[in-house]
Amino acid sequence: MLRACRGEPVDRPPVWLMRQAGRYLPEYRAARGAGSFLDACRDVELAVELSLQPLRLVGSEAVILFSDIFVPILALGVGVDFRPGPVVERPIRTRDDVARLAAPDLAGSIPYVFEILRRLRAALEPEQVPLLGFAGAPFTLAAYLVEGQGSRHFAGLKRLLYAEPAVLRALLERLTDLTVAYLNAQIAAGAQVVQLFDTWAGILPRTEYRAWVLPTHQAIAERVERTRAPLILYVNDGAHVLDEMVESGADVLSLDWRVELAEAARRAGRRASLQGNLDPCALAAPPEAIAEMVRGLARAAAPARGHVLNLGHGCLPETPVAGVRAFTGAARALAPAGG
Ligand code: CP3
């Protein structure tokens, strides 16, 4: 995994899945019980167990911290609830709202994240399984903070962008600083790779993406300790901003299924490795069809600097466990590169 991220030679692409811990697993539902999702994120032992479940249950080859992109937002003093997606108690829409955000004390307000990472790293070290940390990207966090919750068009966010750009600029600056500090603290606690999730950046036209999103990615790529932990950048629905993803400086570009890996490999060249990009819904296919799709992805990405097999977005609550197992099984059965 680490070699693939850095573009060093590997026998075959490693495999893991976004949202590999979660509601599609009966074992997740059983362990999580009826408590709130945020309580599960704060419960160190439970979060460690949930993080590790996909290793033995579905054959993933990397572990991602069980948490959510909204956990560090708590450190800004913003109230967040999950129903089941994030809902912000008091949306951030004015210059005063931004000014009122607390100066984050990550170790003081969300110490459990770093304790979970330290325990995971200790558990995984003997087996040499890589540990991923993650953060939500500033634009995606801002999208929820401004709207107050998920949205189809994020019209409130876009209104701010076009009508009151100074407010959104100030908010994105605060969130960029938070993200850099958060990812570096995760690396210090044992994360060996970090992934930045920009789930909503793809809603912008290319010109606005260049003006509003690319600079946040570039600042993060510059200030995160990438020599200690390579940075993966995920943008959902970002086929129109692939060149901007390459310009971000991230070590790995995580692509959704709308992008052709062969084309992405041409455009990224030696500047970045690729991650992805099976449509999560394709895991409903019969095992042999999934294996054929995995071989197709590996072939298409073979010219890339490096390739990490993954989905194009996270597992869904309705994803069949058998489909996930077929996906990791097919990846593990790939012939060595050049063979
Ligand atoms: O296994 C993993 O991937 C690690 C944990 C993880 C979660 N959320 C756990 C979670 C990660 C990396 C995330 C990222 C996340 N969270 C993103 C970016 C990636 C993406 O999926 O686009 C976003 C936008 C969120 C915000 C969020 N959290 C939403 C919209 C929802 C509800 C809808 C959904 O997909 O479940 C959540 C809740 C959430 N985060 C759950 C889990 C396991 C479900 C909680 C439950 O058990 O009820």
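## A guided tour from the ligand outwards

Begin by selecting Y28 together with the ligand, where an N or O atom in the side chain of Y28 is 2.5 Å from an oxygen atom of the ligand. While you look, please keep in mind that the model on your screen is a predicted one. Next, add R23 to the selection, and you will find a polar side-chain atom of this residue 2.3 Å from an oxygen atom of the ligand. Then show the backbone of Q20, since here the partner belongs to the main chain: a polar backbone atom of Q20 lies 3.3 Å from an oxygen atom of the ligand.

With these contacts in view, turn on the surface of the protein and ask how much of the ligand the protein buries. Taken alone, the ligand exposes 870 Å², and the protein buries 88% of that area. The place where the ligand sits is the largest pocket.

Now select the whole shell, which holds 22 residues around the ligand, and among these R19, R23, Y28, T199 and H313 come nearest. If you colour the shell by residue type, you should be able to pick out 13 nonpolar, 5 polar and 4 charged residues.

Stay for a moment with R19, which belongs to the loop between α1 (2-6) and α2 (26-32). Its phi is near 55°, a positive value in a residue that is not glycine. This deserves a pause, because most residues other than glycine have a negative phi, and most peptide bonds are trans.

The second half of that statement leads to the following two stops. Select R83 and P84, which are joined by a cis peptide bond with omega at about -20°; P84 itself is found in the loop between β2 (80-82) and β3 (86-88). Then move along the chain to G276 and N277, where another peptide bond is cis, with omega at about -5°. Is N277 in a loop or in a strand? N277 has its place in strand β8, which covers residues 273-278.

Finally, zoom out and switch to a cartoon view of the whole chain, whose secondary structure comes to 17 helices and 9 strands. The radius of gyration of the chain is 19 Å, close to the 20 Å that the globule rule gives for 339 residues, so the chain is as compact as a globular protein of that length. If you turn the model along its principal axes, the C-alpha atoms fill a box of roughly 60 × 45 × 35 Å.

Definitions and conventions. Residues are numbered from 1 along each chain as its sequence is written. This is a predicted model: local features need pLDDT of at least 70, side-chain atom pairs count only at pLDDT 80 or more; totals for chains, interfaces and linings use all residues. Side-chain values use heavy atoms; hydrogens and water are left out. A residue is near a molecule or strand if one of its heavy atoms lies within 4 Å of it. A polar contact is a pair of N or O atoms within 3.5 Å; within protein, one must be able to donate a hydrogen and the other to accept it, and residues adjacent in sequence count only if both atoms are side-chain atoms. Accessible areas come from the Shrake-Rupley method with a 1.4 Å probe; for residues, only the protein chains shown count as cover. On a 1 Å grid over the protein atoms alone, a cavity is a set of points where a 1.4 Å probe fits but cannot get out, and a pocket is an open set with protein on both sides within 12 Å along at least five of seven lines; lining residues have an atom within 4 Å of a point. A molecule sits in a cavity or pocket if more than half of its atoms lie within 2 Å of its grid points. Ala, Val, Leu, Ile, Met, Phe, Trp, Tyr, Cys and Pro count as nonpolar, Asp, Glu, Lys and Arg as charged, and the others, Gly among them, as polar. Helices (H or I, at least four residues) and strands (E, at least two) are DSSP runs, numbered from the N terminus. The radius of gyration is taken over C-alpha atoms; the globule rule is 2.2 Å times the number of residues to the power 0.38.
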